[in-house]
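The following exercises concern the binding sites of a single protein model. Please examine the sequence and the coordinates before reading the solutions.

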Amino acid sequence: MNAKQSKNGEQRAESNRVFILDTTLRDGEQSPGFHLNATSKLRIARQLEKLGVDVIEAGFPSSSAGEFDACRRIAREIRSVAVTALARADRDEIDAVWRAIRDAQSPQIHVVMPVSDLHIERKLGLSRDEALKKGAEAIAYARSLCENVQYSAEDAGRAELDYVIEAVETMIALGANVINIADSTGYCVPSEFGEIVEQVIDRARGADGVLFSVHCHNDLGLATANAKAGIMAGARRVECTVNGIGERAGNTSLEEIVMLLRVRKARLGFETGVNTTEITRTSRLIAELTGTPVQPNKAVVGANAFAHAAAMQQDGILKDRASYEIMKPEDIGLAESRLVLTARSSRGAFRHRLAKLGLKTTHATDDAAWDRFLEVAGAKKEVTDDDLQQIVVLVETPSSMHARRDDDSDVADTLRHLIFG
Ligand code: KIV
Ligand code: ZN
């Protein structure tokens with residue numbers, strides 16, 4: 001379980017607190033191109049602790065000696081957050097998890113076992129009964145080692161509901177106290193996933209005594225919507241990753257689900273313990289250490305998430321930020337939003353930036369500066385502060401200093417020369 005909770009089942013029914021399990025270091029790290037060494041993992045774990053997640057999934061200890069070592073270092077150092085690590089339904093893997101995380105302040109063993117026929121038959125070559133028995137043995141064994149055991153029903157999104165329920169109640173009876181419903185292939189639509197979670201919670205014996213968690217993949221871009229549907233259906237823990245990294249198209253993105261619950265709290269009624277002002281710092285650290293930049297239009301943490309380029313939006317923002325910003329940049333630890341100057345920008349935004357830079361044009365040169373701006377903007381993707389400095393110098397320079405100032409095309413050449421070198 002995690003460090004900040006006591007009785008799981010009551011929280012499901014009565015609490016509006018949603019717990020965050022961050023799996024950036026496990027599901028996120030196992031995706032192609034995202035490998036992290038032990039030192040980087042430890043740095044990220046420290047930052048996740050500052051961010052205020054409830055559980056850190058440190059990794060998959062049986063996969064390599066380095067991974068085992070990383071998990072153990074995280075478990076030994078991180079004190080205020082629960083630490084978990086993943087095993088399949090296999091004694092050796094469970095032993096590896098326990099040896100890696102037993103020194104954590106609040107350790108939790110995470111065991112995954114598929115519930116869809118596709119996974120059970122094709123991937124594992126088992127029957128449903130055999131899979132259930134194997135999962136049950138694994139949970140019982142994990143529970144003999146550790147008080148807190150999570151069972152993940154892999155590929156629950158494509159499984160037969162009655163079998164998912166049977167598996168869940170079997171694992172609860174054997175002592176699993178967190179039940180994770182996984183849409184492992186990102187297949188479900190939100191109403192469908194919410195229905196699965198609701199049915200499992202309503203029908204599985206013992207559901208009242210455990211914490212329900214959801215784990216959603218983003219193959220159809222629905223991971224955050226599905227996690228939200230799971231919460232609405234009664235789950236009170238979400239597994240997610242910073243920047244939404246993870247297998248294939250990734251996982252529910254931590255920053256998206258956390259800001260969704262915060263921004264729409266009045267409507268949804270939930271909250272997390274995340275210190276949202278650490279979001280930007282965490283996102284940048286992960287991009288830096290994985291060497292994988294965040295896509296510019298990524299919700300919440302993309303470079304464009306608080307950037308405004310078009311005239312209509314810029315005018316709105318200059319009059320009232322709320323016109324186009326549903327959250328404040330400072331709420332996610334970003335200094336300010338950006339008005340990007342392009343050929344689509346408004347004159348108001350242009351003047352605003354000049355004023356911010358302390359650049360003045362006289363009444364007489366105002367139009368000329370704007371014309372020059374449009375000219376530069378037509379030739380470049382973005383007009384920079386340096387460009388603006390040079391535009392103002394140019395238009396403010398006495399005409400005697402320009403050769404043949406009456407010839408506008410020469411002025412433009414001079415300008416291009418000044419700006420583009
Ligand atoms: O996608 C998945 O099913 C997982 C499990 C380990 C929860 O990552
Ligand atoms: Zn996953």
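Two exercises on this predicted model follow, each with a worked solution.

**Exercise 1.** Describe the surroundings of ligand 1 and determine which elements contribute two or more residues to its shell.

*Solution.*

Step 1. Locate the ligand: ligand 1 sits in the largest pocket.

Step 2. List the neighbours. Arg26, Asp27, Leu86, Val112, Ser152, Glu154, Asn180, Ala182, Ser184, His215 and His217 surround ligand 1.

Step 3. Sort this shell by class: three residues are nonpolar, five are polar and three are charged.

Step 4. Identify polar side-chain atoms that approach an oxygen atom of the ligand. Such an atom of Ser184 lies 2.6 Å from an oxygen atom of ligand 1, one of Arg26 lies at 2.9 Å, and one of His215 lies at 3.1 Å.

Step 5. Assess the burial. Ligand 1 exposes 260 Å² when taken alone, and the protein buries 93% of that area.

Step 6. Assign the shell to elements: α2 (24-28), β5 (149-154) and β6 (178-183) each give two or more residues.

**Exercise 2.** Establish which residues coordinate the zinc ion (ligand 2), and state how their donors are spaced along the chain.

*Solution.*

Step 1. Name the donors. Asp27 (OD), His215 (NE2) and His217 (NE2) coordinate the zinc ion at 2.0 to 2.1 Å.

Step 2. Read the spacing: the donors follow the pattern D-x187-H-x1-H.

Step 3. Place the distant pair. Asp27 belongs to helix α2 and His215 to strand β7 (residues 211-216); with their positions 188 residues apart, the pair links distant parts of the chain.

Terms used: Residues numbered from 1 in each chain as written. Chains lettered and ligands numbered in written order. Predicted model: local features only at pLDDT ≥ 70, side-chain atom pairs only at ≥ 80, totals over all residues. Heavy atoms only, no water. Near = heavy atom within 4 Å. Polar contact = N/O pair within 3.5 Å; in protein donor to acceptor, adjacent residues only side chain to side chain. Areas by Shrake-Rupley, 256 points an atom, 1.4 Å probe, with all protein chains shown as cover. 1 Å grid on protein atoms, 1.4 Å probe; cavity = no way out; pocket = protein on both sides within 12 Å on 5 of 7 lines; lining within 4 Å. Sits in = over half its atoms within 2 Å of the grid points. Helix = DSSP H or I, 4+ residues; strand = E, 2+ residues; numbered from the N terminus. Nonpolar A, V, L, I, M, F, W, Y, C, P; charged D, E, K, R; others polar. Donors = N, O, S within 2.8 Å, 3.2 Å for Na, K, Ca; no water.
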